[in-house]
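Trainee: Could you walk me through how to read a protein-DNA model, one feature at a time?
Mentor: Gladly; let us put it on the screen and begin.

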There are 2 protein chains.
Amino acid sequence: MTLADDVIMTIGEAARESGVTAKAIRYYESIGLIPKPVRTGGNYRAYDRRAVETLRFVHRARSLGFAMEDVQRLLSLWQDRGRKSKDVRTLAQAHLDELDAKILALESMRHAVAQLVEACHGDHRPDCPILLDLAKGRRA
Amino acid sequence: MTLADDVIMTIGEAARESGVTAKAIRYYESIGLIPKPVRTGGNYRAYDRRAVETLRFVHRARSLGFAMEDVQRLLSLWQDRGRKSKDVRTLAQAHLDELDAKILALESMRHAVAQLVEACHGDHRPDCPILLDLAKGRRA
DNA sequence: TTGGACCTTCCAGCGTTGGGAAGGTCAAGG
DNA sequence: CCTTGACCTTCCCAACGCTGGAAGGTCCAA
């Protein structure tokens, strides 16, 4: 146990514990992704262990590339005891498909750019197949 | 020759010829990526063959994933007769490295998400390794 | 009491368009 | 000549997911 059950943190501490910046935490709150925390006498946001766990959940989901909308749905499913794992899996599978599409697009670009780089001798002379390609559009 | 030397086009025609939308052409002009075209009596932008070639150049560069800043530099190099092909190649190589980095990052995500999807049986039951992972942070 | 580290809210901006409103221009057809 | 409709103009807003900064309040320790 790193955290006791009754620990109350400021936004800065919650940020360090969760990996989400304080700015981002306020932003998540503003868009309704996470609930509004209670406030201290000095109007500071006060986070408990549970809130920090939620933040960590969000942080991990974001780091896996899930869009905010997906994170919202994942959070709902997480908190829904009656969820069907199928719904979670479907969401993740859709994200996987998106990742694949992005990777394919990037690899296609990578291939084309790599060919151009290879074709260019890269010396002091002005002749350059890269510029010729961009200008005329020859795709080998 | 598809285009005669003295053809003058409206923004819509230039858009169709170049692959860049009219909206994007105006944007490129607003940020100084392309020069301001002359205007007709009715205040319409008038593009000649050269301008459309430039737009096509931009379009191809963008489609290869070059950032606007890079496109700007590529345009300059293109128009510089005294350029060194080395400079062009260096730019393209840097972009290639960026593409590789992005692909690696996405593939790392893809790997993690794929594992989660595989681990989840995806039926009517609520138990779901995906949510467990996001919550507890176990990365296999 | 003073300093400095933290917190607060609000506003603005990043990049690359796309959408849409409100209005001007132009060519063709009646 | 007038209308129609396709095109053009400028301008502002939305998207994404935050980040930065300004102006000011709170808290703790020396």
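Mentor: We start with residue classes: Ala, Val, Leu, Ile, Met, Phe, Trp, Tyr, Cys and Pro count as nonpolar, Asp, Glu, Lys and Arg as charged, and the others, Gly among them, as polar. A residue is near a strand if one of its heavy atoms lies within 4 Å of it. By these rules the surface near DNA strand C has 7 nonpolar, 5 polar and 6 charged residues. Before we go on, note that this is a predicted model, where local features need pLDDT of at least 70, side-chain atom pairs count only at pLDDT 80 or more, and totals for chains, interfaces and linings use all residues. Residues are numbered from 1 along each chain as its sequence is written, chains are lettered from A and ligands numbered from 1 in the order in which they are written, and side-chain values use heavy atoms, with hydrogens and water left out.

Trainee: Which residues come nearest to DNA strand C?
Mentor: Out of 18 residues around DNA strand C, the nearest are G12(A), K23(B), Y28(B), Y44(B) and M68(B). Of the atoms of DNA strand C that come within 4 Å of the protein, 68% are sugar and phosphate.

Trainee: How should I read a polar contact there?
Mentor: Look for a pair of N or O atoms within 3.5 Å; within protein, one must be able to donate a hydrogen and the other to accept it, and residues adjacent in sequence count only if both atoms are side-chain atoms. On DNA strand C, a phosphate oxygen lies 2.6 Å from a side-chain N or O atom of Y28(B), and a polar side-chain atom of T21(B) is 2.9 Å from a phosphate oxygen. A base is involved too: the side chain of Y44(A) has an N or O atom 3.3 Å from a base oxygen of DNA strand C.

Trainee: Which elements supply at least two residues each to the surface near DNA strand C?
Mentor: Elements here are DSSP runs numbered from the N terminus, helices being H or I of at least four residues and strands E of at least two. Those supplying at least two residues each are α1 (11-18) and α2 (22-30) of chain A, together with α2 (22-30) of chain B. The largest share, 4 residues, comes from α2(B).

Trainee: And what does the surface near DNA strand D look like?
Mentor: There are 19 residues around DNA strand D, and K23(A), Y44(A), R62(A), G12(B) and R26(B) come nearest. Sugar or phosphate makes up 67% of the strand D atoms within 4 Å of the protein, the rest belonging to bases. As for polar contacts with phosphate oxygens of DNA strand D, a polar backbone atom of G12(B) is at 2.5 Å, a polar side-chain atom of R62(A) at 2.6 Å, and a backbone N or O atom of G42(A) at 3.2 Å. Two or more residues each come from α2 of chain A and from α1 (11-18) and α2 of chain B. The most, 4 residues, is given by α2(A). By class, this surface divides into 8 nonpolar, 5 polar and 6 charged residues.

Trainee: How many helices and strands does chain A have?
Mentor: Chain A has 6 helices and 2 strands, running α-α-β-β-α-α-α-α from the N terminus.

Trainee: How do I judge its overall shape?
Mentor: Use the radius of gyration, taken over C-alpha atoms, and compare it with the globule rule of 2.2 Å times the number of residues to the power 0.38. Chain A has 24 Å, whereas a compact globule of 140 residues would be near 14 Å. Its C-alpha trace spans about 70 × 40 × 30 Å along the principal axes.

Trainee: Is A61(A) buried or exposed?
Mentor: Buried means under 20% relative accessible area, exposed over 50%, partly exposed in between (1.4 Å probe, protein chains only). A61(A), in helix α3 of chain A, has a relative accessible area of 0%, so A61(A) is buried. Contact means heavy atoms within 4.5 Å. Beyond its neighbours within four places in sequence, A61(A) is in contact with F66(A), V71(A), L74(A) and L134(B).

Trainee: What about L134(B) on the other chain?
Mentor: L134(B) is one of the buried residues of helix α6 (residues 129-136) of chain B. The buried residues of α6(B) pack against α3 (49-63), α4 (68-79) and α5 (85-119) of chain A, together with α5 (85-119) of chain B.
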